[in-house]
Amino acid sequence: MTTPLPVVLAGARGHGRWHVENIRRLQKKGLVRLAGVCELTPLTDQELDGLGTPEQSADFGALLDSTGARIAVICTPIPTHTDLALTAAERGVHLLLEKPPAPSYAEFRRMADGVAAAGIVCQIGFQSLGSHAVPAIRELVAEGAIGQLVGLGGAGAWVRGEDYFRRAPWAGKRRLNGVDVIDGALTNPLAHAVATALALGGSTRAEDVTGIATELLRANAIESDDTSCVRIGTAQGHQVTVAATLCAERADEPYVLVHGSTGRITFWYKQDRVLLQRAGHGPEEFEHGRTDLLENLVAHLTTGADLLVPPEETGAFMKVVEAIRTAPDPAPLPDTAWHRVPGENRRVVPGIDGLVAAAADTLSLYSELGAPWALNAEHLSKEVSTR
């Protein structure tokens, strides 16, 4: 019987509540023990039900020292990720770092290089990359199930009310108090679409990206983009186009399309569901399991299992974040391009659901699809070389 690994969670509210539940699940399995919680306002007994009495403090470093933590889970505002990760690294504490790992490529390198120098293990929290569908799809592509790989498209049509952009001081911001945040549709809520599309095409490292074109727009009264698309050139010779919106007419499951010369694969990454369509065969559907990333980190530390999402495997994603960070600020959509939904306090861009799907289907940007509000934004889509 192995001893449960002591874990400190930094950021236990908001999205952090998901981590509280996951730690509770793994604690019941005897894999981890919640040793500490780093929050500005301590969790209540009710919030900690079934988790014992972990130490609580707003001082992350002191909490790591006093608890003897082996693992830290960091689910704090994006601009704090690098410094907190390095605080853990210098104490020899291994990491599960929530996505996006950093708001800029420079901060990402500072984090990744510091973690590597400290000799600790860091897992980046792209949960979709724990799906067993990812290696299964890669295998289908490698064995030629859909012919030659032509390109990959990602689509995310989500619904978010105006309150979503007021959920935290950094929400919807590109910068806050002079510090990069880059909380846009493609870099945070629908970041998985970008990272998963890159992973399925085998383009996960920074050097795999050769150029990036962006179109960043917004219907909401925010700094960052809520309706955007990106096209990524890869060293492997294919393109990856991802389109996203938080202003959809109807919420839909996000997915990645793998385009081949004789077929295609659709992957609904939140559901671990795969559809294979190819010449000469009827459609085939598959459902896959998923390995939890904290559970995988524990297995890596205790049994030597392969780590699923080390920092270097998110370098390509961070190149996309950097392209979005350095692009012109998102263009506001004209008032005629969106409307409010009565009683729902949200803004909708009519026709955006179809445009998101068409972008993934044709690997085109919004302006190339003839979206009237994107045609004047063509200057935004100039490809930037990353070489």
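Relative accessible area sorts residues into three classes: buried means under 20%, exposed means over 50%, and partly exposed lies in between (1.4 Å probe, protein chains only). The model is predicted, so local features need pLDDT of at least 70 and side-chain atom pairs count only at pLDDT 80 or more, while totals for chains, interfaces and linings use all residues. Residues are numbered from 1 along each chain as its sequence is written, and side-chain values use heavy atoms, with hydrogens and water left out.

**Exercise 1. Classify A299 and describe its surroundings.**

Step 1. A299 has a relative accessibility of 23%, and therefore counts as partly exposed.

Step 2. A299 belongs to helix 7, residues 293-303. Helices (H or I, at least four residues) and strands (E, at least two) are DSSP runs, numbered from the N terminus.

Step 3. Contact means heavy atoms within 4.5 Å. With neighbours within four places in sequence set aside, A299 is in contact with G304 and A305.

Step 4. A299 and L31 are 268 residues apart along the chain, and their C-alpha atoms are separated by 9.0 Å.

**Exercise 2. Determine whether H94 is buried or exposed, and identify what its side chain reaches.**

Step 1. H94 lies in strand 5, residues 94-97.

Step 2. The relative accessible area of H94 is 11%, so this residue is buried.

Step 3. A polar contact is a pair of N or O atoms within 3.5 Å; within protein, one must be able to donate a hydrogen and the other to accept it, and residues adjacent in sequence count only if both atoms are side-chain atoms. The side chain of H94 reaches the backbone nitrogen of V121 at 3.0 Å.

Step 4. Apart from neighbours within four places in sequence, the residues in contact with H94 are R70, I71, A72, I120, V121 and L301.

**Exercise 3. Compare the settings of N177 and D272, two residues with positive phi.**

Step 1. N177, a residue other than glycine, has a phi near 55°. D272 is not a glycine either, and its phi is about 55°.

Step 2. N177 is found in the loop between strand 8 (175-176) and strand 9 (179-180). D272 lies in the loop between strand 14 (263-268) and strand 15 (273-278).

Step 3. N177 is exposed because its relative accessible area is 76%. D272, at 9% relative accessibility, counts as buried.

**Exercise 4. Locate the cis peptide bond from K99 to P100.**

Step 1. The omega of this bond, from K99 to P100, is near -15°.

Step 2. P100 is placed in the loop between strand 5 and helix 4 (105-118).

**Exercise 5. Describe the buried residues of helix 9 and their packing.**

Step 1. Helix 9 spans residues 352-362, and its buried residues are I352, D353, L355, V356, A359 and A360.

Step 2. These buried residues of helix 9 pack against strand 7 (149-157), strand 11 (227-234), strand 12 (239-245), strand 13 (255-260) and helix 10 (372-375).

Step 3. L363, just after helix 9, takes a positive phi of about 60°.

**Exercise 6. Give the extent, composition and end-to-end separation of the N-terminal domain listed by UniProt.**

Step 1. In an unreviewed entry, UniProt lists residues 7-126 as "domain: Gfo/Idh/MocA-like oxidoreductase N-terminal". UniProt positions are given in the numbering used here, feature names are shortened, and annotations may be inferred rather than shown by experiment.

Step 2. Residues 7-126 are 37% helix and 21% strand.

Step 3. The end C-alpha atoms of residues 7-126 are 19 Å apart.
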